[in-house]
Amino acid sequence: MTSFRFIHAADLHLDTPFTGVGKVNAALQQKLQDASLAAFDNLIGAAVRHGVDFVLLAGDIYDGAERGVRAQARFVEGLRQLNRNGIQCFFIHGNHDPVSEGWSALRPEDLPASAVLFDQSDAVRVVPAVRDGEILAVVHGISFRSRTEARNLSLLFPENRCDGQFHIGLLHCNVGGQAGHDNYAPCTLEDLCSRAIDYWALGHIHERMVLRSADPLVLYPGNLQARRFDECGPKGATLVHVNDRSRVEMEMLPLDEVRFAQLNIDVSGCKSLDAVLAACATSIAQALAQVRPRLLVTRLRLRGQTAAHHDLLKADVQGQLVPALRDQLPEDAVWLDQAIVATVPFVDRVEVGRSGGFEAALVQLTDALNASDNDSLDLQKKVRAPLLSGTRFDDFLSDLQPIAAREAVAQAESRLLGLMEEGEE
Amino acid sequence: MKLRNWHIDGSGVFSGATLPEPGLGDGFNFLMGSNEAGKSTLLDFLRYTLFGYPSGHSRLPRREPLRGGNHGGMLIYEADGLTYHLYREAVNRRAFQLRQNGTQLTDTDLAQHLGHIGPELFRNILGFSLAELQDLRSLAEGDVRGLIFAASIGQSAGRIRSLEESLSRQADAIFREGARPTAQNAPRVIKLCYELDRVEQELAQAIQASLTVPEKLRELGAKKATVETIDGRLEEVVYEIQRLDRLISGWPLWVERCHAEEERNELGDVSRFPADGDTIWAICKTEFDKARELGQARYGELSAIKEKLNQLPAEFPLLSLTGHASELAATRSDYDVAMTLAVNARSGAADAQQSWKEISEELGAGWPEDAVRDFDISLLAEDEARRLAKEVRDADLAISNKRAVSVTLAREARRLSKDCASKAKQLETITQAGPVFEPGEIAQRRASLGEFREASRIREVLRNDLGRAQDHLTQVNLFTSKREPVESYLPSWLLGALVAGAIGLAGATLVFFYTGQQLAGVMSAAFALVLVGLAVLVRSREIQGQRRQSSPPELKDAQDRCAAALKEVEDHERQWRVRATDAGVSWPVSENELTAWESRIAAEERRSADAKDLLNIYHELRDRRHAKYNEFHIAKDEFDEARRVYSNAREEWIDFLRVRRLPQTIQSETAIALFSKVKEARRSLKDFDDNSTVAKEREEEAQSYIQELARCLEQANISVADSYSKALAQFQRLGEQIDEQGKQFREEQRLVGERQVAKNTLRAAISTAKAARRKMRALTEQMGVLDERDFFDLRDRAKKYWELTHTVNQKDTALATIFGKTLPSELRETWDSGARPDWETAKFQRENEHRTLTTERDDTLRDKTALEIEIDSQLNSDEVARLQLEAEELRAEIRKGIEEWLELATALELLERTREKFERENQSPALDEASRLFRVVTGGSYERIFIPLESTEAELTILPGSGPALSLNCLSRGTLEQLFLCIRLGYVQHYQKQQNVELPLLMDDVTVNFDPERVAKTFEVLAECSRQGQQILFLTCHEHLIDLLPSDSRIFRIRNFEFESA
């Protein structure tokens, strides 16, 4: 069997915006805006640089037809570049770009000769990957018919092997009902293993996951470019080197342009606001060193019992905390999105509870609320009531969970105790 | 303490009034009485008896007895199972008597029975009228306050409130329900939502626009197809227009061609006329005419030559000597040359010999062969080269000298010009300062000044003379005149003396008259007279002396002298006044004026002298400048001449070098040296030997020449002179004669030659004419024409034929340019048919169609370009991405805002709940009991009475069964009185328990403002209190309330100011 190399990527979501990032400056806005396209360019560059034989794109090339035609134009340009370098590209439609919606602005004839689109959604199509007339592998692929594909598409792949070729299954699906993602094209690992496929090139899950390392190899490469704070860490594609059916080597290629990071910073030892800022700057600098030359978008969560709690609260309330931190950072390399003050003041709750007075009443009430999920949930419902008078803020409110409700109460108590202590001072 | 009875000795309307037995019960006691019955008086009596009467200054009514009796009374009560009698009179306000079973008790006992309650607290809480019930302040005073407002945390509450407000403010700044997004202080989240709506709207539009790309691509394809179709049709129309255009433009040419062709065909056959026939004919004709003219001219010339020959002499005798004379002349020339050479040879032989010797020594054996070969040339060239080189050097040197001279002269001339200008400037300055005079004029002016000065002096002299003459005349007149004025002989001093004497006389007279002293008067008068006499005497003597010196001839003389002096003065004055006018000065001239005049002349003299000097210098400079300029021009001319000479010399030198094949860059010295060496060498070889021989030969030739000359003269029959010079002169004259005859002979020979030439030319012309005639005849015969006229006719036709052929060819060429090689058959067909189609109209129609199609194509192309730009713009537009990112940013901001708001709202809610809890847990027991009673009285309409945390005043707050808490001013009067009653009941219960005492509760008609239902509820509450052991004395005018009383109540009525059981 001839050895060959290919790149497996998925969930490009070209030209889709970042979510959960607040207002940024104009220069970074342009960078964020173009990040997914730049990551795609990186993918094409990596394919050319590594001299791969073909590229697999496992669905969700872009978010949908409404995402504009710029992404499509850029995508086709990338395919043409691959074509110029003699690299085949196999790709399928996912839930974000199903066949029923498909390509809007670009016609099939716009695609270069080396690009293979598995645009059938009823049956698996088979196309060989060829180098100099020699078949390297056989690629099987099927696309989503609609956004909410409920069929188990894996079962449409061949069950029996009829040749000695290396078979690749290109599929957009949710294996084992992965949480946090829509359960489209649901299937199980067993379903995949039951097919005559050597390498399952999957897409849909944005976290890189090797579900099975051999016989067959099942891999989610993750998305190409993170778009939210819940997609922290390196993002990119997987370079696969097939020496033999049983000797497959994989290498993760980080291709993202912007990297997300949530930094939990313990500021217990910081006695002043300056010390907190210095600790934050140090943490961010460390994180930045790991992601350079990419742009780091970060969010801080300050925790711990600190004497600077009041100053942090005050600075946060007055909107001075984040700007003060941003001033200490290289603005072209890192963007601080938010700093969540979750510190607690130097207050002994037990002592306060015994002391009597208003603070004691507060502590006792908090304890009572936290003792009962219903009470804490009721409080949160009451608090949220003004936001729920219409449907305007439904998308902005998370599900009400007892733990979150208790945390909210505890945080409120902490804030109040801190403020009251400050008032006494 | 429980009240049992009372005896009102005197108070208000009561006098000796007592309750009927058994008096008041332990529970509810009900006293009815109409208005003015004395209920309030009774209440005051009870309070005053227990706590003392008010002073006269108090606002409280003292209730003075109106119906007799001592102002005061007795109260019977029970305490701890014993009966006490309490006596008090208004006279002794604070004094009382408390007896129990005859025993006198003290203040302490009474205070203990009253539970140490004060009069005010009793009035506020235990014994109150309706008006006092409504007084809230009474609840906030003294001990009452301490019990009722125990829940407040005072100043610390402000901190909580401040915190609450701060959190609320922060929360409101983030989100506030119902806030308008466009308001200036709209909450952040609301504004962000509004902004998000806008961005989403724009995003939807942008997406919608991007979704139109496929449609636009299809439209673009249609546009392209349309353009291609139009282009095809346009091509056809353009071809048609061009075809029609060619036909229209080619048709006139075609017509002309056809006409020419037809005309040419009508000319018939002209091929026998050769193409060069006309030329040949013309050539022959010209030759013939020329030959004829030449012949005629030569014939005339022959005649003229013949005539000239006839004028020449027939013989030339001296010409026989011509050859000999020529030889002699040549010999003479040779002789001169030979003589010169001989002389030169002799002189140069020695030098040459020496020179050759030196050069041979210098050159040794390396003698150049070329130099030897070129000896002859070099021999001449050396001198020439030397001369030319010298000329060049001299010319160059001359140029340098002349240039230097010219430059020097030019500089000097310019310097002189500058000096001239400077002097001229100075001269101008001087002449501007004043007039300039010649030295003669200055002398003249100075002489004139002297004359005036002398005239002035003379004038003074003359005037002095005149004065003296007049004085003399005056003196002469004085002594010769008969009638002289008195002053002339009576001097002043004498007159004074006379006057003094007269005064003295008058004084003496007066003395005498008044004193009567005659002697004194007489003496005085005498003294005065003496003085007068003395004066007259002296003066007369003086006059006599003067008279003796004058006489009448002297007078005349004096008059004459005076007149002469006067005339002299006048003449002098007249004369010099005229001159002064001429001289421009005033007359008489003062000394100052003369001095100024002299100064002026001196200044003019200096200025004139300066001007003169300057002028002289200027003229000198100018002359020198002119001279220098002349010299300069001469030098310049010389310089130019030198340059020209140098140029000529240089050219000659260059030519020389070129002729000698020497490089032009070679230095003259080098060339000369070369030639010199060659010459000297050769001369050394050859000339040295030859020169002497040549000189000798020449001398011999000269001698033979002389002899030959003499012989020749003899042959010419000319007498030979004795001397050689005369022979030469004779020979000279002979030569002239020979020359003259030679001239004539040569003229004859020339004329003969010319005659022969003319004859030959004449013959040739005749021959030429004949040949031309033969050619012309042969040509006509060849063409078959009879004569010249036929020839010309044929020629004209042939020419016409050729012209038409040329025209046809031209038109064919032009038509080929228009139509190409193949002409359209349409032309021929149209010509043959004779009816030309309306190609112009057809072309106009096609052009219109072309315009329409072009417009349509432009429009389509414009649309297509716009579409392409639009598609390209959308394909490359990041508008959607930008708006999406912007929307997501806004959503993130909203999410953050909501999280912040939720934190704040949670904190606020927690704070609110803590506050409620704290308030609830920290209210006084009295207020709690009051709340319970109030809830009963109001039938559950109000839930709770409490004091807010932050309350620092008596800010009672009522919490209804539903809705927000209310302040007191929100309650109706009746409810407010019910509230105050309940507070008092609660307090009474709490206080009695706290102090472990029992005290009666006295109320004066407090339910008048209650509605029946609440009155009933109130009585239920009161009944409950009474059942619990609270003694109640309820005073009222409303008898119907009896129905509400508990059964064990004791009921009394006040009638006619007496108490009776009911």
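Analyst: Contact means heavy atoms within 4.5 Å. The model is predicted: local features need pLDDT of at least 70, side-chain atom pairs count only at pLDDT 80 or more, and totals for chains, interfaces and linings use all residues. Residues are numbered from 1 along each chain as its sequence is written, chains are lettered from A and ligands numbered from 1 in the order in which they are written, and side-chain values use heavy atoms, leaving out hydrogens and water.

User: At what angle does helix 2 of chain A run to strand 3 of chain A?

Analyst: Helices (H or I, at least four residues) and strands (E, at least two) are DSSP runs, numbered from the N terminus. Axes are lines fitted to C-alpha atoms, for helices over the stretch in contact, with angles from 0 to 180 degrees between N-to-C directions. Helix 2 (residues 69-84) of chain A lies across strand 2, strand 3 (88-92) and strand 4 of chain A. Its angle to strand 3 of chain A is about 145°.

User: How far apart are the end C-alpha atoms of helix 2 of chain A?

Analyst: The expected span is 1.5 Å times one less than the number of residues. For the 16 residues of helix 2 of chain A that gives 22 Å. The model agrees, with its end C-alpha atoms apart by 23 Å.

User: Which residue with positive phi follows helix 2 of chain A?

Analyst: Helix 2 of chain A has buried residues (under 20% relative accessible area, 1.4 Å probe, protein chains only), including A:Phe75, A:Leu79 and A:Leu82. After the helix, phi turns positive, near 70°, at A:Gly86.

User: In what order do the six strands of the open sheet in chain A lie?

Analyst: Two strands pair if DSSP finds at least two bridges between them. Strand 3 and strand 4 of chain A run parallel, joined by four bridges. Strand 1 (residues 4-9) and strand 13 (residues 236-244) of chain A run antiparallel, joined by five. The pairing is mixed, and the order is 4-3-2-1-13-14.

User: Which residue is the bridge partner of A:Cys89 in strand 4 of chain A?

Analyst: A:Ala115 and A:Leu117 point one way from strand 4 of chain A, A:Val116 and A:Phe118 the other, and all are buried. The partner of A:Cys89 in this strand is A:Ala115.

User: Which helix gives the most to the largest nonpolar core?

Analyst: A nonpolar core is a set of buried Ala, Val, Leu, Ile, Met, Phe, Trp, Tyr and Cys residues joined through side-chain atoms within 4.5 Å. The largest has 84 residues, of which B:Trp6, B:Leu31, B:Phe1034 and B:Phe1059 touch the most other members. With nine residues, the top contributor is helix 26 (residues 973-995) of chain B.

Terms used: Buried means under 20% relative accessible area, exposed over 50%, partly exposed in between (1.4 Å probe, protein chains only).
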